[in-house]
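Open the model in a viewer that can select by residue number and draw side chains as sticks. The stops below are meant to be taken in order.

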Amino acid sequence: MKQSTSFIFECPACDDLIDVERELVGIEAKCPHCRQKIFVPKPCPFCGSPILATAKKCPDCGEYLDPRLAARSGGHGAKSLALYIVLGLFFGGFGIHNFYAGRYVVAVIQLGLFLLLLLVFPLGVIISAWAFAELFLVRTDGFGQPLI
């Protein structure tokens, strides 16, 4: 599929649509409508929304544009709330659902307490109840992204 030679975005000063050649992406220019100086954004490689050339993450689709940040987040975009709930229901005491969501500190604490209470006392049920409560309370992953 041939990539378009132009890019359409909204002027931040006058809200008019501007059609520019892709060679102008990332430079400062004047809006042809209001004549204000603007910075021509680039399209997000994932969703096509206009973003600053220096953007590290797309504000619309949430994908990381900086490979270092993507690697730090596990290289994944949004996490599934349904999968989070299923993992919590079946493996909640072990904190697997929190490992999935990138909430590593909570996950390690949950796993440690579950194993300790299960070995020392048969009270691992307490940690399972904690994990079950999280299924209704947690709506973001460890990086602040909403679970969808």
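Select Cys 58 to begin: this residue is buried, at a relative accessible area of 1%. The coordinates belong to a predicted model.

**Whole chain**

Now colour by secondary structure. The protein contains 5 helices and 6 strands. Followed from the N terminus, the order of elements is β-β-β-β-β-β-α-α-α-α-α. Of the 148 residues in the protein, 30% are buried. Switch on the surface: its accessible area comes to about 9,300 Å², and 65% of that belongs to carbon and sulfur atoms. Among contacts between residues at least 6 apart in sequence, 27% join residues at least 24 apart.

**The β1-β2 hairpin**

Select residues 6-10 and 17-21, which are β1 and β2. The two strands run antiparallel and are joined by 5 bridges. To check the register, pick Ile 8, which stands opposite Asp 19 in β2. Between the strands of this hairpin there are 6 residues, and Asp 15 takes a positive phi near 65°.

Next, show the side chains of β1. Phe 7 and Phe 9 make up its covered face. Ser 6, Ile 8 and Glu 10 make up the uncovered one.

**The largest core**

Which residues form the largest nonpolar core? Select Phe 7, Phe 9, Cys 11, Ile 18, Val 20, Cys 31, Ile 38 and Val 40, which are its 8 members. At least two residues of this core come from β1, and at least two from β2. Another core, of 6 residues, lies apart from it, with Ala 101, Leu 135, Val 138 and Leu 147 among its members.

Stay with the largest core and centre on Ile 38, in strand β4, residues 37-39. Ile 38 is buried, with a relative accessible area of 6%. Beyond residues up to four places away in sequence, Ile 38 touches Phe 9, Cys 11, Pro 12, Ile 18, Ile 27, Glu 28, Ala 29, Lys 30 and Cys 31. For a distance label, use Pro 12: its C-alpha atom is 7.5 Å from that of Ile 38, although the two residues are 26 apart along the chain.

**The cysteines**

Select Cys 31. Leaving out neighbours within four places in sequence, Cys 31 is in contact with Cys 11, Cys 14, Ile 18, Gln 36 and Ile 38.

Move to Cys 11, which is buried at a relative accessible area of 0%. Why does Cys 11 have no bond to the closest cysteine sulfur? That sulfur is in Cys 14, and at 3.7 Å from the sulfur of Cys 11 it is too far for a bond, because a disulfide is counted only for sulfur atoms within 2.5 Å. By that rule the count comes to 0 disulfides.

**Helix α3**

Finally, select residues 96-100, helix α3, and centre on Asn 98 within it. Is Asn 98 buried or exposed? Asn 98 is buried, with a relative accessible area of 0%. Display the side chain of Glu 134 as well: a polar contact of 2.9 Å joins it to the side chain of Asn 98. With neighbours within four places in sequence left aside, the residues in contact with Asn 98 are Tyr 84, Arg 103, Tyr 104, Val 106, Ala 107, Gln 110 and Glu 134.

Key
Residues are numbered from 1 along each chain as its sequence is written. This is a predicted model: local features need pLDDT of at least 70, side-chain atom pairs count only at pLDDT 80 or more; totals for chains, interfaces and linings use all residues. Side-chain values use heavy atoms; hydrogens and water are left out. Helices (H or I, at least four residues) and strands (E, at least two) are DSSP runs, numbered from the N terminus. Buried means under 20% relative accessible area, exposed over 50%, partly exposed in between (1.4 Å probe, protein chains only). Contact means heavy atoms within 4.5 Å. A polar contact is a pair of N or O atoms within 3.5 Å; within protein, one must be able to donate a hydrogen and the other to accept it, and residues adjacent in sequence count only if both atoms are side-chain atoms. A nonpolar core is a set of buried Ala, Val, Leu, Ile, Met, Phe, Trp, Tyr and Cys residues joined through side-chain atoms within 4.5 Å. Two strands pair if DSSP finds at least two bridges between them. Accessible areas come from the Shrake-Rupley method with a 1.4 Å probe; for residues, only the protein chains shown count as cover.
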